[in-house]
Amino acid sequence: MLVVEATKVAKRYGKLQALAGISFCVRRGECVGLVGPNGAGKSTLLRCLLGLVRYQGAISLFGQEAKAAGHRSLALVGAIVEGSSFFPYLTAEQNLGIYLWKRLPQAVLREHIRDTMRMVGLNPRPGQKVCTYSAGMKQRLALARALVNGPELLLLDEPTNSLDPVAADEIRRLLLHLNSSQGVTIVISSHALFELERLCHRAIVLDQGQLVTEIALQRSGKGLVRLRVGDMARVEEMLSGDYALRRLDDCLLVECGEDHKVGMMIELMVREGIPVYEVARNAFEDIYLDLFRQRNRAARGHPE
Ligand code: ADP
């Protein structure tokens with residue numbers, strides 16, 4: 001089942017075409033990343049999906065055309081959008097109580113809110129007001145608000161922004177758990193490409209309001225191996241019979257799902273006396289950088 005179906009979604013801010021007719025789908029249970037340079041239109045697209053801005057084109061959520069259905073499907077959606085705010089002089093519990101629309105008996109409601117806070121690792125002092133929270137605590141609260149109604153779809157604009165590396169890792173693990181164990185569908189924007197590589201099944205690349213391409217990702221990073229070696233031409237020749245590979249500026253990307261095959265590849269290179277400088281699983285960044293290098297060259301009139 002399609003959870004999101006966007007057809008020719010376009011958005012103008014005055015003369016600026018922030019989105020130029022974007023179409024894509026997200027299936028139930030998928031985790032999809034949105035990537036692209038600043039100003040590419042990622043936040044605007046998420047805002048369109050949430051009905052926060054007017055747009056042209058059509059968006060269906062859970063099979064219902066959003067505008068026609070009065071955006072009713074949003075009851076199944078949890079979201080973090082840029083610049084969202086809380087009631088500053090209330091506690092996290094009070095804030096979440098306001099956003100929780102599910103009607104529950106008081107005691108159950110309190111426990112549910114505490115559970116949600118525990119889930120996102122939000123642990124303020126008793127009675128602490130939100131205006132005194134650190135940026136990281138506010139980000140955790142934003143995620144708690146997105147989760148408090150038990151959504152089936154999460155739309156997350158840079159959810160690990162302003163979190164320290166350990167906190168960001170905790171949130172990534174939580175999102176991975178929600179997606180793989182509870183089947184929550186996720187659309188997430190981020191500049192942290194390794195984060196998307198770890199979480200997502202695929203990435204949608206935006207640039208200047210256009211959908212440039214989609215890149216399949218194997219979360220856990222398996223699939224592609226990045227090699228930096230002493231003699232790229234020779235290794236390319238040696239491996240090309242057995243592996244699908246691609247040469248980028250400073251490395252080779254080799255399709256190689258199984259760990260034992262990586263071992264065999266390294267063994268082969270060592271046996272041939274070729275220096276191996278780097279073998280890494282996180283190749284998404286290379287693919288992304290290569291894509292934009294090519295686009296920038298083409299824009300300057302130097303295709304290769
Ligand atoms: P991203 O999230 O990829 O960085 P945005 O969706 O925030 O990109 O912005 C896309 C384009 O739309 C940018 O050029 C940005 O300046 C413009 N934009 C975004 N929001 C507004 C707004 N409220 N008013 C005018 N222009 C906007």
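Modeller: A residue is called buried if 20 or more other C-beta atoms, placed from the backbone, lie within 10 Å of its own, exposed if 12 or fewer do, and partly exposed in between. This is a predicted model, in which local features need pLDDT of at least 70 and side-chain atom pairs count only at pLDDT 80 or more, while totals for chains, interfaces and linings use all residues. Residues are numbered from 1 along each chain as its sequence is written.

Biologist: Are the residues on the two faces of strand β6 buried or exposed?

Modeller: Strand β6 (a strand being a DSSP run of E, at least two residues, and a helix one of H or I, at least four, numbered from the N terminus) covers residues 77-80. V77 and A79 lie on one side and G78 and I80 on the other, and all four residues are buried.

Biologist: Which residue of β7 is the bridge partner of V77?

Modeller: Strands count as paired if DSSP finds at least two bridges between them, and β6 runs parallel to β7 (residues 153-157) with four bridges joining them. Within β7, the partner of V77 is L153.

Biologist: Which strands stand at the edges of the open sheet of four strands?

Modeller: The sheet has the order β2-β1-β4-β5 with antiparallel pairing, and inside it β1 (residues 2-13) and β4 (residues 56-61) are paired over five bridges. Two strands each have a single partner, so one side of each is left without a neighbour in the sheet, and these edge strands are β2 and β5.

Biologist: Which element gives the most residues to the shell around the ligand?

Modeller: The shell (residues whose C-beta atom, placed from the backbone, lies within 6 Å of the ligand) includes Y13, L16, G36, K42, S43 and T44. Two elements give two or more residues to this shell, namely β2 (16-27) and α1 (42-49). With three residues, the element that gives the most is α1.

Biologist: Between which domains does the largest nonpolar core lie?

Modeller: This core (buried Ala, Val, Leu, Ile, Met, Phe, Trp, Tyr and Cys residues joined through C-beta atoms within 7 Å) has 75 residues, of which A144 and L155 touch the most other members. Helix α4 (residues 135-147) gives the most to the core, with seven residues. Both domains, whose bounds come from an automatic or database assignment, give residues to the core, so it lies between domain 1 (2-219) and domain 2 (223-280).

Biologist: How many Å separate the centres of domain 1 and domain 2?

Modeller: The assignment places domain 1 at 2-219 and domain 2 at 223-280. Taken over C-alpha atoms, the separation of their centres is 38 Å.
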